[in-house]
Each structure stands twice: as C-alpha cells, then as structure tokens.
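Good morning, and thank you for coming. I should like to take you through several helices and how they pack.

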Amino acid sequence: MKQIDFSQIPTPSYVVEERLLKRNLSLLKSIMDQTGCKILLAQKAFSMFYYYSLIGTYLAGTTASSLFEAKLGKEEMGGEVHIFNPAYQESEMEEIISLCDHIVFNTPKQWLKYKEVIQKSGKKVSCGLRVNPQYSEIEVELYNPCAKGSRLGTILDNIKEEDLEGLEGLHFHTMCEQNSDVLVRTLKVVEEKFSFLLKRMKWINFGGGHHITREDYDVEGLISSILHIKETYGVEVYLEPGEAIGLNTGYLVTKVLDVCGEHGECVILDTSAECHMPDVLEMPYRPEIIGASKAGEKAYTYRLGGPTCLAGDVVGEYSFDEPLKEGDILVFCDMSHYSMVKNNTFNGINLPSIIAYTEKEGIVIVKQFGYEDFKMRLS
C-alpha cells in the first residue's frame with residue numbers, strides 16, 4: 001500500500017484516506033449482514049459527500065439533523081433518508097416530507113402538529129418519537145442528551161398512548177464514543193420503560209454514539225443487543241453512527257509558520273483549533289500528531305497554536321525529537337469527523353482544503369476555499 005507523501009499536500013488540508021474509510025464501512029456492513037439491522041451515516045459528524053457514492057454501497061442511507069442535511073443525503077447518496085430535529089419549522093415541513101423516509105419527532109406535541117400534513121401528503125413516510133430514558137453514562141454534560149432538564153426526547157411521564165396513534169417507531173440517543181456494554185445497560189432501561197410501546201411499533205432506532213470501528217469495541221455485544229430487540233419485539237433496528245464511519249480515516253496537514261514565545265516554546269501553525277478543529281476546545285481533547293509525543297517525553301517541547309487573535313487558540317503541548325522550524329509539516333490524526341462539519345472562518349482565516357487519497361488516483365484535491373467563501377457568509 002502506497003503511503004501518503006504529506007510534503008505534497010497543500011496546507012492546511014483535511015485528507016481522508018479511502019482505504020481506511022473502506023475498512024470502517026466493511027465492518028459496519030458485516031454487522032448489517034449478520035443481524036439484518038440497517039446502519040445510516042449520521043451526517044452531523046461526517047459530510048464529505050465526495051465519498052457518499054462509496055458509503056452508499058455499504059450502508060442503508062443517511063440521517064439528518066436539518067433540511068439541508070436531508071437534501072445533501074438525498075442528492076448525493078440516495079438510499080433511506082431519516083431526519084430528527086427538536087422542533088421543525090413549518091416553512092420547511094413540506095420539503096422535508098418530500099425528501100425523507102423516516103421523520104422522528106421530539107415530542108408528541110410536534111407529532112400532532114404535523115400529523116395531518118404528513119398523512120395528506122400522499123407520500124409514505126414512517127414517523128417516530130424520540131424518547132428520553134433518563135439514563136446515560138456520558139460524563140460531560142455538554143454532550144449528555146439525558147441530563148436533567150434536557151430538551152431532547154420525551155420522558156415516560158409525558159407520554160399518553162392516545163397521542164401516539166399513527167407513529168411507527170421509537171428513537172433514543174443516549175451515547176457518545178462508547179462501547180456496546182453501555183448499549184446493553186441502556187437497552188435494559190429502555191425496555192423497562194418503553195416495552196409497552198415497542199410492542200406496537202415497526203422499528204426502533206438506537207441513535208448514534210456507538211464507537212463501533214474503534215479497535216477495542218465489542219462487536220459481538222452489539223450484535224447480541226440488536227438480535228435480542230429484533231427477536232423480542234419483532235421490530236426493525238436502525239443505528240445511526242457518524243463518528244464510527246470517519247474514525248481514524250483522516251488527517252489535518254499543517255505547516256509551521258513561526259517559532260516564538262518567551263523562550264521559543266510557542267509554535268504558530270497555519271491551522272487553528274478554534275477554526276478548523278473546534279472539538280479540541282469544546283470536548284476538550286488532545287489530537288495525536290505523527291512523530292510527536294506528550295510534553296517532556298522527547299527532547300523539544302512546544303505549545304502549538306493557531307494564527308487567530310484568540311488567546312486560547314491552542315491545540316496543546318507536544319514534544320519532538322528535533323527542533324521545529326518554519327516550514328515544517330505536522331500531521332494531526334483522526335481529523336475526518338466533527339472537523340469539516342464544524343469549522344468556521346473566524347478572523348477571516350481560510351478553511352482547509354478537502355483532499356481525498358485513493359489507491360488508484362493518489363492525492364485528489366476535492367475542494368479549495370478562498371476569499372469568496374468567507375465573504376458569502378457575511379453581508
């Protein structure tokens with residue numbers, strides 16, 4: 001297998017490697033084949049539609065959090081198109097109905113508001129309700145959809161069976177970067193609270209947050225959970241991971257612009273945590289760099305930051321075998337998911353190019369950005 005020559009990549013750039021993407025997709029397809037479940041790409045995590053035709057040969061379709069994501073999935077991949085939003089806009093509902101196969105509502109009130117327009121549309125759309133089992137093992141409140149006072153999903157006490165007439169499925173999303181043991185414990189709570197509803201439904205959606213393609217993930221545990229629900233309730237099972245599709249498939253290639261600071265300990269890169277990898281600041285987390293280690297482990301330690309005016313635009317501290325100098329190329333790992341979909345042009349900083357790397361074609365520059373991309377978002 002040819003290796004990427006990062007010196008030939010314009011910086012900054014996101015690079016997504018087809019071979020690694022296929023590895024993830026093959027595992028997900030094998031789970032579908034073994035269980036009869038359907039796995040969808042959650043576009044909120046990975047929306048590089050250059051690869052959608054490839055992804056569509058493995059997965060059942062896409063899931064969206066908005067009208068625009070639904071349109072992107074429909075236009076670029078096809079297959080099934082599902083959508084969930086906490087509260088839909090009336091002006092968009094007609095188009096959403098035309099695009100989507102499943103529409104999940106956050107509350108019975110939302111379902112009752114749009115029930116008639118959906119039923120009169122003439123299009124077969126399967127509708128469901130997102131439930132909140134009030135159980136989650138996510139420790140960071142920012143990412144916990146079951147935190148106290150959550151606006152996401154309906155708790156058992158707020159469900160009246162008569163309000164659910166016409167609904168065909170249940171949806172829950174309670175996980176974030178977690179293994180299948182968490183799903184097992186979550187399903188136990190979901191069954192305890194909502195089994196009386198599951199018995200009248202056609203499908204259930206386990207949501208996202210399943211880190212299926214992580215090296216230590218217990219795939220057999222997931223398969224057992226899927227089969228248990230299918231066999232117990234006679235329902236179709238959906239999963240909608242996003243991160244699991246893009247996990248460990250890509251890079252962010254950047255260049256050293258300057259070495260500065262009181263003692264030469266600061267490095268300015270042509271990429272920004274604030275603009276190009278915002279989860280580094282929001283999670284927060286420290287992405288790996290090829291050839292680098294934690295602070296102090298190698299001879300030369302630096303604090304890597306971006307070119308914006310934000311004082312906290314810092315990726316972290318890293319150590320290297322040799323001193324860094326202007327023009328050096330650094331490669332951040334695992335930069336496919338929650339990067340392109342969340343980046344921004346704060347300070348007028350340009351967006352990284354989007355690059356595909358395939359065995360057949362090598363480096364493919366899919367998209368480059370410029371001033372007009374910055375300007376068009378403003379007025």
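Helix 5 covers residues 108-119 (helices, H or I of at least four residues, and strands, E of at least two, are DSSP runs numbered from the N terminus). At 1.5 Å a residue, taken times one less than the number of residues, its 12 residues should span 16 Å, and the end C-alpha atoms agree because they lie 16 Å apart. This is a predicted model, in which local features need pLDDT of at least 70, side-chain atom pairs count only at 80 or more, and totals for chains, interfaces and linings use all residues. Residues are numbered from 1 along each chain as its sequence is written, and side-chain values use heavy atoms, without hydrogens and water.

Which residues of helix 5 are buried? They are P108, Q110, W111, Y114, K115 and I118, where buried means under 20% relative accessible area and exposed over 50%, with partly exposed in between (1.4 Å probe, protein chains only). Seen down the axis, these buried residues fall within an arc of 150 degrees, so they line one face of helix 5; the arc is that of the directions from the helix axis to the C-beta atoms. Their cover includes helix 4 (90-99), strand 5 (102-105) and strand 6 (126-130), contact being heavy atoms within 4.5 Å.

In helix 4, the buried residues are M93, I96, I97 and L99. Their arc around the axis is only 155 degrees, which puts them on the same side of helix 4. On the other side, S91 and E94 are exposed. Covering the buried residues of helix 4 are, among others, helix 3 (67-76), strand 4 (80-85), strand 5 and helix 5.
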